[in-house]
Amino acid sequence: MKYITEINYIHIKDVVSVYNTINGVKITLEAGASFQPLNFTLSTAKLTEKSKIAGGSKLYEQDLNYSFTLEKVDSTVYEEIEGKPVLISYKYNTGENMLLGTIDYPVTLLTKLSVKSNSQYDVICQCSNTYRSKVIIS
């Protein structure tokens, strides 16, 4: 079964370019910049992509949903990036490293306290993009 094992983010301001190729995307970052990890509860991450037509163009509504608990995660990371434009990379157990968002279509994160537990937070990473999530190539 294919599942997400890793989620990382980078601020848009630290991205020089995202170049779309037939095989995936190539990302160029500012000197010294790198993707930073987002800790989450394994097996909670789910990606959905739905297509829609907007303004004569096809867009993909993309949501990456997952959870974390305060016992295992420093919530200040989320306070720093919530609502700000970022790119998200996520990795499957198969080794595929995927990109969510682009410079023109960034991702925004929203966190909310879960109704299941007062120490669990649910995270929604959302973006509308002109293409589906792509494999990151070196």
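Strands here are DSSP runs of E with at least two residues, numbered from the N terminus, and two strands pair if DSSP finds at least two bridges between them. This is a predicted model, in which local features need pLDDT of at least 70, side-chain atom pairs count only at pLDDT 80 or more, and totals for chains, interfaces and linings use all residues. Residues are numbered from 1 along each chain as its sequence is written, and side-chain values use heavy atoms, with hydrogens and water left out.

**View 1. The hairpin of β7 and β8 has four residues between its strands.**
Look for G95 here: this glycine takes a positive phi near 100°. The two arms, β7 and β8 (residues 97–100), are antiparallel and share four bridges. To find your place along the hairpin, start from S89, whose bridge partner in β8 is L99.

**View 2. An open sheet of five strands runs in the order β4-β1-β7-β8-β11.**
The pairing in this sheet is antiparallel. At its edges sit β4 (36–37) and β11 (134–135), each of which pairs on one side only.

**View 3. Strand β1 (residues 4–11) meets β7 (residues 86–92) through seven bridges.**
These two strands run antiparallel. I4 stands opposite Y92, while I10 has L87 as its bridge partner. Strand β7 is mostly covered, with six of its seven residues buried (buried means under 20% relative accessible area, using a 1.4 Å probe and protein chains only).

**View 4. Strand β10 (residues 120–129) pairs with β6 (residues 57–69) over 10 bridges, and six bridges join β10 to β9 (residues 108–113).**
Both pairings are antiparallel. A handy landmark is Y121 in β10: this tyrosine is the bridge partner of F68 and also of L113.

**View 5. The largest pocket holds about 180 Å³ of space.**
A pocket is an open set of points on a 1 Å grid over the protein atoms alone, where a 1.4 Å probe fits and protein lies on both sides within 12 Å along at least five of seven lines. Grid points are joined across faces, edges and corners, and the volume is the space filled by probe spheres set on them. Lining residues, which have an atom within 4 Å of a point, are M1, K2, Y3, I4, S43, A45, K46, L47 and Y92. By class, the lining has six nonpolar, one polar and two charged residues; Ala, Val, Leu, Ile, Met, Phe, Trp, Tyr, Cys and Pro count as nonpolar, Asp, Glu, Lys and Arg as charged, and the others, Gly among them, as polar. You may recognise I4 and Y92 in this lining: I4 stands opposite Y92 in β7.

Conventions
Buried < 20%, exposed > 50% of the residue type's maximum accessible area, 1.4 Å probe, protein only.
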